[in-house]
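Trainee: Could we take a close look at one part of this protein and work outwards from there? I'd like to see how a single element fits in with what surrounds it.

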Amino acid sequence: MKPARFAYVAPDSIEDVLDALDRFGDEAKVLSGGQSLVPMMNFRLARPEVIVDIGRVGGLDGMSVVNGSLTVGARVIHARLEAPTGAMPDGRTEPLGGVLGSLLPEVARFVGHLPIRARGTFGGSIAHADPAAEWCILARTLDAEMVALRRGGERVIAAADFFETVFTTALEPEELLAAVHLPILGDDWRAGFCEFSRRAGDFAVVAAMTAVRLDPATGAISEARIGVGGVAGVPVRLPAAEATLVGEVPGAEVHAAAAEVAAGEVDPAGDLHGSAAYRRDLVRAMVARALAQGAGAPG
Ligand SMILES: Cc1cc2nc3c(=O)[nH]c(=O)nc-3n(C[C@H](O)[C@H](O)[C@H](O)COP(=O)(O)OP(=O)(O)OC[C@H]3O[C@@H](n4cnc5c(N)ncnc54)[C@H](O)[C@@H]3O)c2cc1C
């Protein structure tokens, strides 16, 4: 099918984008990489009156390291996160090292296929808010902050408040997602990501991300984060499973115990990709594997 008729504007500055969004309100949709919006328009699941193409706008595709965060511009394509770099405070651009520098490429390779990763954008994925999207799970697990601009203003939205339900975020129609702040995990963190999809490149049926902080003196976990996608309308954190990890030294038994709690903590619905019980089993397996990966063990 072809999309319903729409008007098209392609501003070349952020100010003009914000003016257009202010003017057209919920009749308008931002077009970024088009890898989700265009198929939805072709299937007539989305029928915007006006498309505001942000592809010509400068200033939205930078990555920089500031105050312990990596700021990822909304127009950064997925492929750039396969080998992330960041502008450092002294102006030099360097490969991003550390835990986040390893985690981003590990996650990026699961986002669709190469042509999708070459066009689709980080911000587009976050704004689209598919509950199984890898970047949404990462944002929720790491407590990312989303920077939303509107004419005459800016606000920062915590990931916990940003994802509201399937394909729905806290962004207002007149707001542009400009960037996302991701905390740079220190060297005392260990992170892992694991997903199950029916075919390589498909959206995950279930995906899990884990991040644990180790006490350098004892090797025990002092802080834990477990985020899961594919089990609810938004990516979720699993606080009961996180709590079982704190105070423990990472290892297969500890991971299995946390994964068991995680499986009991989710309440997925069944669909054509798998029953509720199957998804719960996948949560158990994905959480255990992500924890093992983070600990440097085979999953
Ligand atoms: C075959 C196929 C497989 C895929 N597999 C995966 C996968 O495994 N994992 C995954 O995560 N994704 C997958 N995708 C989706 C892909 O990652 C998209 O790139 C992403 O979901 C949207 O990014 P985009 O830049 O293409 O956004 P667009 O399609 O342009 O926009 C998506 C939505 O976000 C809004 N939007 C975009 N940018 C902004 C902004 N800056 N501010 C406000 N609103 C904005 C748009 O208005 C629209 O509603 C797949 C897509 C296809 C076609």
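What do the buried residues of helix 3 pack against?

Mentor: Happy to go through it with you, and please keep in mind that this is a predicted model. The buried residues of helix 3 pack against a mixed set of elements: strand 5 (69-73), strand 12 (176-183), strand 13 and strand 14 on the strand side, and helix 4 (114-119) and helix 6 on the helix side. Those buried residues are V99, L100, G101, L103, L104, V107 and A108.

Two of these partners, strand 13 and strand 14, take us to a sheet. The sheet is open, has 4 strands in the order 13-14-15-16, and its pairing is antiparallel. Its edges are strand 13 (189-196) and strand 16 (236-237), each of which pairs on one side only. Inside the sheet, strand 14 (residues 206-214) runs antiparallel to strand 15 (residues 221-229), and 8 bridges join the two. To find your place in that pairing, pick A208: V228 in strand 15 stands opposite A208. Helix 3 (residues 98-108) packs on this sheet by touching strand 13 and strand 14, and the direction of helix 3 makes about 5° with that of strand 13. Helix 6 (residues 134-141) packs on the sheet as well, touching strand 13, strand 14, strand 15 and strand 16, with a direction at about 150° to that of strand 15.

Now step back to the domains. The domain assignment splits the protein chain into domain 1 (7-53), domain 2 (63-183) and domain 3 (191-294). Between domain 2 and domain 3, the C-alpha centres are 21 Å apart, and their contact takes 23 residues from domain 2 and 23 residues from domain 3.

Further along the chain there is a helix pair to look at. Helix 9 (residues 252-265) and helix 10 (residues 276-294) pack with their axes 8 Å apart, at an angle of about 145°. Their crossing is right-handed. From helix 9 come H255, A258, A259, E260, A262 and A263, and they meet R280, V283, R284, V287, A288, L291 and A292 of helix 10. By type, the residues of this contact are 9 nonpolar, 1 polar and 3 charged. A258 deserves a stop of its own: A258 counts as buried because its relative accessibility is 0%, and the cut-off for buried is under 20%. Setting aside neighbours within four places in sequence, A258 is in contact with A241, T244, L245 and L291. For a sense of distance, A258 and L177 are 81 residues apart in sequence, and their C-alpha atoms are 35 Å apart in space.

Finally, another sheet makes a handy contrast in pairing. An open sheet of 3 strands runs in the order 1-3-2 with parallel pairing. Strand 1 (7-9) and strand 2 (28-31) are its edge strands, each pairing on one side only. On average, neighbouring strands of this sheet are turned by 25° against each other, direction ignored. Strand 1 pairs with strand 3 (residues 50-53) in the parallel sense over 3 bridges, and V9 has V52 in strand 3 as its bridge partner. Helix 1 (residues 14-24) lies across strand 1, strand 2 and strand 3, and runs at about 165° to strand 3.

How values were computed. Residues numbered from 1 in each chain as written. Predicted model: local features only at pLDDT ≥ 70, side-chain atom pairs only at ≥ 80, totals over all residues. Heavy atoms only, no water. Axes fitted to C-alpha atoms, helices over the stretch in contact; angles between N-to-C directions. Left-handed = near helix turned anticlockwise from the far one by under 90°. Contact = heavy atoms within 4.5 Å. Nonpolar A, V, L, I, M, F, W, Y, C, P; charged D, E, K, R; others polar. Buried < 20%, exposed > 50% of the residue type's maximum accessible area, 1.4 Å probe, protein only. Pairing = 2+ DSSP bridges. Domains from an automatic or database assignment.
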